[in-house]
Amino acid sequence: MCKVVVVTGCSYGLGLEIADRLIDEGYFVYGLSRSQPPQKLYSYPDTFMWCECDITNAEEVKAAFQYIGTHIDVLVNNAGVFEFGSFAQFTSKMIDKIIDVNLKGAMYVTNEALKWMPSESRIFFINSVSGLYEIENEAIYGASKHALTAFAGTLGKELQSR
């Protein structure tokens with residue numbers, strides 16, 4: 001039986017490459033994203049399934065995991081958004097979007113995934129150097145990634161016995 005992986009943000013960029021690589025390595029990948037992934041992932045019908053899901057919506061996340069409906073060996077929290085610019089130019093809507101996807105989305109997904117993850121499962125958080133250092137013109141993005149660093153580290157301590 002192959003291992004089951006959930007990858008968020010699988011439609012393009014790093015998430016697409018992670019999903020593609022895991023499929024090549026023999027994992028069954030469930031990809032979660034708002035937009036449909038490229039056709040190349042669908043060339044693996046026995047090892048890939050896409051679940052349309054806005055990770056900023058806790059109910060959609062719950063529905064996605066109910067749809068998956070099986071144990072999960074690995075969770076890759078990859079989905080993220082980036083906006084560059086001085087803090088003063090950001091609107092409240094832009095701030096909400098970055099925090100909602102980069103932090104709250106990862107929290108919603110992790111919270112739901114844990115219900116399906118047996119002992120010895122693994123969780124990965126794709127982060128950024130902005131989660132470690134203060135970088136000019138990345139105030140909101142950096143804040144979201146610093147918070148993700150704290151969340152992942154604390155969660156790791158809580159789940160260490162698993």
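This report describes one helix, the aromatic pairs and one strand residue of the structure shown above, which is a predicted model.

**Helix α1**

Helix α1 covers residues 13-24, and because a helix is expected to advance 1.5 Å a residue, its twelve residues should span 16 Å; the C-alpha atoms at its two ends lie 17 Å apart, which agrees. Within α1, the buried residues are Gly15, Leu16, Ile18, Ala19, Asp20, Leu22 and Ile23. An α-helix has 3.6 residues a turn, so residues three or four places apart point the same way. The elements that cover the buried residues of α1 include the strands β1 (4-8), β2 (28-33), β3 (48-52) and β4 (74-77), together with the helix α2 (39-42). After α1 comes Gly26, which has a positive phi, near 100°.

**Aromatic pairs**

The structure holds five aromatic pairs, and two of them are set out here.

| Pair | Centre to centre | Angle between planes | Arrangement |
|---|---|---|---|
| Phe82 and Tyr141 | 4.7 Å | 85° | edge-to-face |
| Phe125 and Phe151 | 5.7 Å | 85° | edge-to-face |

The pair of Phe82 and Tyr141 links distant parts of the chain, since Phe82 sits in the loop between β4 and α4 (92-113) while Tyr141 belongs to helix α5 (residues 139-158), 59 residues apart. Are these two residues buried or partly exposed? Phe82 has a relative accessibility of 42% and therefore counts as partly exposed, whereas Tyr141, with a relative accessible area of 12%, is buried. Phe82 and Tyr141 also belong, with Phe84, to one aromatic cluster.

The pair of Phe125 and Phe151 likewise links distant parts of the chain, with Phe125 in strand β5 (residues 122-125) and Phe151 in helix α5, 26 residues apart. Phe125 counts as buried because its relative accessibility is 18%, and the cut-off for buried is under 20%.

**Phe28 in strand β2**

Phe28 lies in strand β2, one of the elements that cover the buried residues of α1. With a relative accessible area of 13%, Phe28 is itself buried. Which residues is Phe28 in contact with, leaving aside its neighbours within four places in sequence? They are Cys2, Lys3, Val4 and Val5, along with Asp46, Thr47, Phe48 and Met49. Of these contacts, Phe48 is 20 residues from Phe28 in sequence, yet the C-alpha atoms of Phe28 and Phe48 are 5.8 Å apart in space.

Terms used:
Residues numbered from 1 in each chain as written. Predicted model: local features only at pLDDT ≥ 70, side-chain atom pairs only at ≥ 80, totals over all residues. Heavy atoms only, no water. Helix = DSSP H or I, 4+ residues; strand = E, 2+ residues; numbered from the N terminus. Expected span 1.5 Å × (residues − 1). Buried < 20%, exposed > 50% of the residue type's maximum accessible area, 1.4 Å probe, protein only. Contact = heavy atoms within 4.5 Å. Phe/Tyr/Trp six-rings, centres within 6.5 Å; stacked < 30°, edge-to-face > 60°.
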